[in-house]
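The following exercises concern strand pairing, cysteine sulfurs and nonpolar packing. Each task is followed by a solution in steps.

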Amino acid sequence: MRTLYKVVFRHTLSPSLRVLPTAGRRSIMYAISEIKPEEFKSVKYTTKDKVAHITLNRPHVLNAIDDHTPKEIYQSVLLANDDDNVKVIVLSGSGRAFSSGYDLKKYAEEKRGVIGSQKMPWDPYLDYKVMGACTEAFMSLWKSYKPTICKVHGFAVAGGSDIALCCDMVVMAENARIGYPPSRVWGCPTPAMWVYRIGAEKAKRMLFTGDLIDGKEAARIGLVLKAVPEDQLDDEVNKLTKRMVNVPTNQLFFQKQVINQAVEHMGLPSTQRLATFIDGMTRHTPEGVQFQKRVAEVGLKKAVLERDSGDDTAWSSLDSKL
């Protein structure tokens, strides 16, 4: 746990931001990146025609989130904000999908005592340090001075949906899938964007079931901006960016700040703080411990299939009352 804290948290906030009080960090996104793009391990950063492209770049594991992903997303946003030639940021994933979420083969198949799965009794503070840093890094997309667009193909599930929904706009392929299956057991979406995008009732429907929906349904309920056939996805995002790149940077910034302020005054920061604590709790309840044991026994793939099937499981019948 302490190791990941050093890797993610201490390098997520640049020195100029770390000296600011908490309130200042929430409102200020301007700083200089500490890492050169050529040093990135899990993300690729490029610019072209006034657009910065941030690409999740672990295609061999469906862009699963590792220790490097959060800080490299954050540092990429810093690079784009500091580049006067960049007007818009586009986030995407390489290979077959946008992102499969956190790399649970690394964090869940091991015995307790690793990141996200502490030995009992667990320390909520240590958990919060790590997950709070990840949430802050993903939220750099929301706090960025420049507009952010997420392009989703394949799927954006679990932590992958966390990243996507932190962007200002999401455009999906119609056949892509999005959702948060760990809400069934062992997870809570720490950016907590669901309720702000689709309202309380639809957010409950998604998180009480952990179901995935396709791009068409996501657009219909207002979770994402638009869904198009997969072979038109690049063109659709390009058309959107072209409508924005010749708007003055300050005008884009002004409109974004007004809209973000409205959402944040609905309680977004405090909701995220609670969600980050709750996420740690879900991984250390009796049911969460049982799920992690099952993952260690049969592997992540089989345990996840059991979780998502809707059938009775070893953890769904536990009596967790005191």
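**Exercise 1.** Identify the bridge partner of isoleucine 178 in β8, and place the pair in its sheet.

Step 1. Isoleucine 178 is bridged to isoleucine 213 of β8. Strands here are DSSP runs of E with at least two residues, numbered from the N terminus, and two strands pair if DSSP finds at least two bridges between them.

Step 2. β7 (residues 177–179) and β8 run antiparallel and are joined by three bridges.

Step 3. The open sheet has three strands in the order β5-β7-β8, with mixed pairing. Because β5 (155–157) and β8 (212–214) each have a single partner strand, they stand at the edges, and one side of each lacks a neighbour in the sheet.

The model is predicted: local features need pLDDT of at least 70 and side-chain atom pairs pLDDT 80 or more, while totals for chains, interfaces and linings use all residues. Residues are numbered from 1 along each chain as its sequence is written, and side-chain values use heavy atoms, without hydrogens and water.

**Exercise 2.** Determine how many disulfides the whole structure contains, and examine cysteine 166.

Step 1. The search finds zero disulfides, a disulfide being a pair of cysteine sulfur atoms within 2.5 Å.

Step 2. For cysteine 166, the closest cysteine sulfur belongs to cysteine 167, at 7.3 Å, which is too far for a bond.

Step 3. Cysteine 166 is buried because its relative accessibility is 0%; buried means under 20% relative accessible area with a 1.4 Å probe, protein chains only. Cysteine 134, at 3%, is also buried.

Notes
Helices (H or I, at least four residues) and strands (E, at least two) are DSSP runs, numbered from the N terminus. Buried means under 20% relative accessible area, exposed over 50%, partly exposed in between (1.4 Å probe, protein chains only).
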